[in-house]
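Visitor: I am new to this structure and would be grateful for a close look at one part of it, the largest pocket. Please describe the pocket itself, and then the strands and the confidence of the model around it.

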Amino acid sequence: MRNSKKKTEPKPMPEQETMGSADDYAPGASQGDGERGDPTFSSSADATADTSAGTETDAVEEATGTSMRAESDLASERDKYLRLAAEYDNFRKRAAKERQDAGSRAQADLVRHLVEALDDVARFAHVDPATTDSTTIVQGVDMVEKKLLKALANAGLEVINPVGETFDPALHEAVATEPTSAKEDDHVVSRVYQPGYIFKSQLLRPARVVVKQWNG
């Protein structure tokens, strides 16, 4: 009797997946490690580092140059200041000396005008009173006074002798008052005790006067 069972054919084995080689699992075989190990990536990183270093060097050199220029400018400005200070000091000394010399010249010029009057004073101071009358002495002193006033007037002196003028407190000093019956004579100078003097618009001494006063 035939065996009716069919022979069972062995099933084919499934294809085994290809195992990766040992190199695939070696350290540094991952994608990231591959990039780090890539010569192109390494060269790029080196170039970046070189560029960064170069930039830092340029910045340092630029800062050094700026500092040196600033020091040079500061030294130049200091030199200018010292020169200017020296010039101003010389100008100040020169101006002071010129003022002093001008004052000395003005004083010498004034004394030069007074020399002749001084000679007259000396002559009359040494006359023999036994042989000189009083009239001659008075005339001589009057002549000396006129010479002195003329010399001082040429130098800029002005005499204040305000008899008959209205009292001016800026130029006159009232030492006394006297009554007057005329209203128009109120505050008019009647007498001068001491004349005043003005030298080149500067009041040296006010005139001391007596002023009329109307009481109504």
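Guide: The largest pocket has a volume of about 170 Å³. This value, like the others that follow, is computed from a predicted model. The lining of the pocket consists of G103, A106, Q107, D109, L110, H113, N154, A155, F199 and K200. Two elements, α2 (39-125) and α3 (134-155), each give two or more residues to this lining. Of the elements, α2 contributes the most, with six residues. Sorted by class, the lining holds four nonpolar, four polar and two charged residues.

One of the lining residues, F199, leads to the strands, because residues 196-199 make up strand β4. This strand belongs to an open sheet of three strands, arranged in the order β1-β4-β5 with antiparallel pairing. At the edges of the sheet are β1 (157-160) and β5 (202-205), each of which pairs on one side only. On average, neighbouring strands here are turned by 30° against each other, with direction ignored. The link between β1 and β4 is made by four bridges, and these two strands run antiparallel. Within this sheet, I160 lies opposite G196 of β4.

A further open sheet also has three strands, in the order β2-β6-β3, and its pairing is mixed. Its edges are formed by β2 (172-180) and β3 (189-194); each has a single partner strand, so one side of each is left without a neighbour in the sheet. From one strand to the next, the twist in this sheet averages 25°. Eight bridges connect β2 with β6 (residues 207-214), and the two run parallel. Among the residues involved, E173 has R208 in β6 as its bridge partner.

It remains to consider confidence. The protein has an average pLDDT of 79, and 75% of the residues score at least 70. Residues 1-8 have a pLDDT below 50, and this stretch makes zero contacts in the model beyond near neighbours in sequence. Over residues 14-37 the pLDDT likewise stays under 50, although the model has seven contacts for this stretch beyond four places in sequence. Where pLDDT is low, predicted coordinates should not be read in detail. That caution applies to residues 1-8 and to residues 14-37, whereas the residues listed for the pocket lining run from G103 to K200.

How values were computed
Residues numbered from 1 in each chain as written. Predicted model: local features only at pLDDT ≥ 70, side-chain atom pairs only at ≥ 80, totals over all residues. Heavy atoms only, no water. 1 Å grid on protein atoms, 1.4 Å probe; cavity = no way out; pocket = protein on both sides within 12 Å on 5 of 7 lines; lining within 4 Å. Points joined across faces, edges and corners; volume = space filled by probe spheres on them. Nonpolar A, V, L, I, M, F, W, Y, C, P; charged D, E, K, R; others polar. pLDDT = per-residue confidence, 0-100. Contact = heavy atoms within 4.5 Å. Pairing = 2+ DSSP bridges. Axes fitted to C-alpha atoms, helices over the stretch in contact; angles between N-to-C directions.
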